[in-house]
There are 2 protein chains.
Amino acid sequence: MEYTFSDRVMTLKPSAIREIFKYAADPEVISLSAGNPAPEAFPVEAIRAISEKLLRENPIDALQYSVTEGYPALRQTLTDYMKTRHNVGRDFDDLLVTSGAQQAADLMAKSLLNEGDVVICEAPSFIGCLNTFRSYNARLVGIPVESDGMNMQELEKALQTEKRARFIYTIPNFQNPSGVTMSLEKRRRLYELAKRYQVMILEDNPYGDLRFAGEYVPAIKSFDEDGLVVYMGSFSKVVSPGMRVGYAIGPKPILQKMIVCKQGEDVHTNIWSQIICHRLMTEYDFDAHLETLREIYRKKYAVLQKAMQEHLAPYITWDEIEGGLFVWCRLPDGVDMPDFCRQAVLRKVCVVPGNAFLTDESQPCQAFRINYSTPTDEQLVRGVAILGQLIRDILKK
Amino acid sequence: MEYTFSDRVMTLKPSAIREIFKYAADPEVISLSAGNPAPEAFPVEAIRAISEKLLRENPIDALQYSVTEGYPALRQTLTDYMKTRHNVGRDFDDLLVTSGAQQAADLMAKSLLNEGDVVICEAPSFIGCLNTFRSYNARLVGIPVESDGMNMQELEKALQTEKRARFIYTIPNFQNPSGVTMSLEKRRRLYELAKRYQVMILEDNPYGDLRFAGEYVPAIKSFDEDGLVVYMGSFSKVVSPGMRVGYAIGPKPILQKMIVCKQGEDVHTNIWSQIICHRLMTEYDFDAHLETLREIYRKKYAVLQKAMQEHLAPYITWDEIEGGLFVWCRLPDGVDMPDFCRQAVLRKVCVVPGNAFLTDESQPCQAFRINYSTPTDEQLVRGVAILGQLIRDILKK
């Protein structure tokens, strides 16, 4: 049999990160390339207690088919929580529980994009969502990320010229991979531009609760009086990514299409895990849990900071982060970034080459991404020391 | 904001069944319209024991990110099981764990179908998958289902004329909604035709393990020496649909594209539930569990049979089933089927109008679908009695 594929998937490749994960699976390799929450961040005891009680008292609720929109009690709790805490959600909005926030991006793309339509993205941006948009044959237009978020002049230029732009995809808090947080001023400006050019916004906020420094900045969705923004939230970084529970909050007409698409994708999200998320939010001190997480990441980032200052400075530079899981590191001019990453693997340290996160991977890039949440403190220090030795060896040549 | 949508979702509507479910949610209504496993069919004790042990001994395995292909141990176990028991899977095949079998259909459609491509389906067929194919703007061509499966003359005619046919979608065992099992002869013929016309087959087998009468018939995939067939399996009917664990077995090049698409859809399937399915298969007597299920459905179907013979015969006719969850009932000529279903709802019994399962819902249809697995025995008898009274009242007028 000669296999032929749809045009949309013809050029799709497994993500570059996945290839790197193959090396990272070697137990001798120190992986600074993942994006996993710290193992100590999982509320294991609470999940165990909830699950046991649930399977004892209401097993059929956890095991039977459920509705596509999501577990009603979880939808209500999240709707109230996001409104009260973050001013996210208006009367014209609805909330859909998704199988990870990734699925919200997929459903948004499927509902809005015709082949050849444009998604305006941050450059660099989260490769998982870029590939999702690519899988619907969208064209990606990347807007450079500065230390306070997207370059707004470039964004406006893109909105003026890209007549097929359908939405702007942004991760405003502790962006993956750059670690950058968009300023309040830029958030307002982005919203104004989207409104003026009548382009939707897809706001992805998986890391927002992991702020361990600096000041809270409101979500773009909190300004949304016009129904422009679909907001993506997730339990992956604050409860468990293995459960695959995320959600989308957005204008009802958009959500209705997303719900029909979800019905055809996976019918509904694992209901057992949805109930666990609901009970964690309502029967446990969820705020205290989030504070514990922030403390874990604050400490872990301090370990990374110290190691980087000791081993990477002044040759490799980076912006300090205020939360999230990633630090974006820049190599000196003249150093071959892909070669640096390959040599790091030979020395048993994995980082992700920065061009993997670009809308056009062939563009020159001097950066790589470090994740500090997954490795142990000891691995972190050792891994950074190896990278420091590597850059010194390269510069000596 | 004026919302516009992609062409592919413009005409998508929530399924007719979903609308019926709204009535069925009324506790006074007897729902014969669902497709849920019998509540007593869930292996609750085993799931509880496995889950407790897992969260005590290996919580991070159950809660952390996992790989897109699926839990390696489950993939290996399923590969061996399907090869040994059903001769399904060759060296050229791979196995992907999906979020319910529904996702396998979605990934197949996404990987293979350009807009306007044709999927050849049974008429009637499972509405969930028909809507998935529609959501990629595929054109559906329905082949009438006879008491031993698709009409093969019609299938060949369609293969001759539909040059854009990409795959044939079939549920060979206890088809949803018709209850029909395709004969061995027709399975072989279908495979030959697919091979001759170089069209793939998507074989959906969610009910195969629920055979309570008649003789086992081998899967179409068991003949597949040419890499023509993608086989869809599911834990939804034999363990728990709420967990959303299914799988696809098919030629590696197809599966590779499906894996990349899945990465963009939901990254991976809930890993906790995957581990539970694996341990159920390996640490428990899975065969004995399946035998228990067959016994539950054998008994429940006997209750339905008796009630139908008493109340529906001879006005309403049906083919006896050998397994699965559904019975397809035909009204006498001249009775308005949609009106019958509406009147049944007024009398507090829900069934699904047969045209909901057609590739063209506007075609005339005298059938409706009864599900017997979800209601209690008492509800079943009462519901069928009400339908019997209704048909008598209609015929008297």
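In this predicted model, strand S3 (residues 118-123) of chain B runs parallel to strand S6 (residues 165-170) of chain B, and four bridges hold the pair together. One place to spot this pairing is Ile120(B), whose bridge partner in S6(B) is Ile168(B).

S3(B) also pairs with strand S4 (residues 139-146) of chain B: here there are six bridges, and again the strands are parallel. Follow Ala123(B) across to S4(B) and the bridge partner turns out to be Pro144(B). Between these two strands comes a helix, H7 (residues 127-134) of chain B, and the trio S3(B), H7(B) and S4(B) forms a β-α-β unit that is right-handed.

What about the side chains of S3(B)? In a regular strand, side chains take turns between the two faces of the sheet. In S3(B), Val118(B), Ile120(B) and Glu122(B) point one way, while Val119(B), Cys121(B) and Ala123(B) point the other way. Whichever way they point, all of these residues are buried. That makes S3(B) a mostly covered strand, with six of its six residues buried.

Over in chain A, helix H10 (residues 252-266) offers a neat check on helix geometry. Its 15 residues should span 21 Å, because each step along a helix counts for 1.5 Å, and the end C-alpha atoms are 20 Å apart, so the two values agree. H10(A) is mostly covered too, as 13 of its 15 residues are buried. Just after H10(A) comes Val267(A), which takes a positive phi of about 70°.

Methods. Residues numbered from 1 in each chain as written. Chains lettered and ligands numbered in written order. Predicted model: local features only at pLDDT ≥ 70, side-chain atom pairs only at ≥ 80, totals over all residues. Expected span 1.5 Å × (residues − 1). Buried ≥ 20, exposed ≤ 12 C-beta atoms within 10 Å, placed from the backbone. Pairing = 2+ DSSP bridges. Right-handed = clockwise from strand over helix to strand, strands pointing away.
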